[in-house]
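Subject: Structure for you to look at

Hi,

Here is the structure I promised to pass on. Have a look at it first, then read my notes underneath.

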Amino acid sequence: MTIESEVSEIIASLPWDVAQSLRGKRVMVTGANGFMGQYLMGICRELAAWTIGLDVNGNDRDVFTFDVSTGLPQEKVDVIIHAAGIASPEGYRANPLGTLEVSHNGTRSALELALKNAGCRVLTFSSSEVYSTPPAD
């Protein structure tokens, strides 16, 4: 099964009002090449009027290279989905300060951008639990 087919299934299973809430919206997704970010980008590409994806690995057709810990592009947006973060246990163990920087500064940047865009909504989350609890050292 591909991400595209799974995204189609997700969209088909969304309640009508949830799917409609993205129609005509301008959406920014941080962490757009991450595990969950790829799915969110797929959903937003299908439902929203305009979607921009940001990731430190901007290697997708709609995903731009950007480090959210240094701020966000000042775009007009209606929804910000902040999914950027160092999620793997190995990654955040190797770079705990960088993990905090992405989490704190990225979330702060998302909230500041939302304040500049009246009525903008922000969804933030971490998918680290997808990887399960890391083994004890």
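One term before we start: a residue counts as buried under 20% relative accessible area, as exposed over 50%, and as partly exposed in between. Glu112 comes out at 39% relative accessibility, so this residue is partly exposed. Please keep in mind that this is a predicted model.

Salt bridges

Glu112 is a good place to begin, as its side chain meets that of Arg108 in a salt bridge, with N and O 3.0 Å apart. Why are Arg108 and Glu112 separated by about one helical turn? Because they sit 4 residues apart in helix H5, which covers residues 96-116. Arg108 has 47% relative accessibility, so Arg108 is partly exposed too.

How many salt bridges does the structure hold? There are 2. Besides the pair in H5, Lys76 forms one with Asp78, and here the closest N and O atoms are 3.7 Å apart. Lys76 has 45% relative accessibility and therefore counts as partly exposed. With 22%, Asp78 also counts as partly exposed.

The sheet

Now find the strands. There are 5 of them in an open sheet, with parallel pairing, and the order is S3-S2-S1-S4-S5. Strand S3 (63-65) and strand S5 (121-124) are at the edges with a single partner strand each, so one side of each has no neighbour in the sheet. From one strand to the next, the twist averages 20 degrees.

If you want to zoom in on one pairing, try strand S2 (residues 50-55) and S3: they run parallel and are joined by 3 bridges. You'll see Gly53 opposite Val63 in S3. Then go back to H5, which lies across strand S1 (26-30), strand S4 (79-82) and S5, and runs at about 175 degrees to S4.

The cores

Which residues of the largest nonpolar core touch the most other members? This core has 18 residues, and the ones to look for are Leu22, Val27, Val29, Ile43, Cys44, Leu47 and Ile81. Helix H1 (3-13), helix H2 (16-22), S1, helix H3 (35-47) and S4 each give two or more residues to this core. H3 gives the most, with 6 residues.

Try clicking on Leu22. Beyond its neighbours within four places in sequence, Leu22 is in contact with several residues, including Val27, Ile43, Ala48 and Val79. There is also a second, separate core of 13 residues, with Leu72, Val77, Ala84 and Cys120 among them.

Cheers

Conventions: Residues numbered from 1 in each chain as written. Predicted model: local features only at pLDDT ≥ 70, side-chain atom pairs only at ≥ 80, totals over all residues. Heavy atoms only, no water. Salt bridge = Lys/Arg side-chain N within 4 Å of Asp/Glu carboxyl O. Buried < 20%, exposed > 50% of the residue type's maximum accessible area, 1.4 Å probe, protein only. Pairing = 2+ DSSP bridges. Axes fitted to C-alpha atoms, helices over the stretch in contact; angles between N-to-C directions. Contact = heavy atoms within 4.5 Å. Core = buried A, V, L, I, M, F, W, Y, C linked by side-chain atoms within 4.5 Å.
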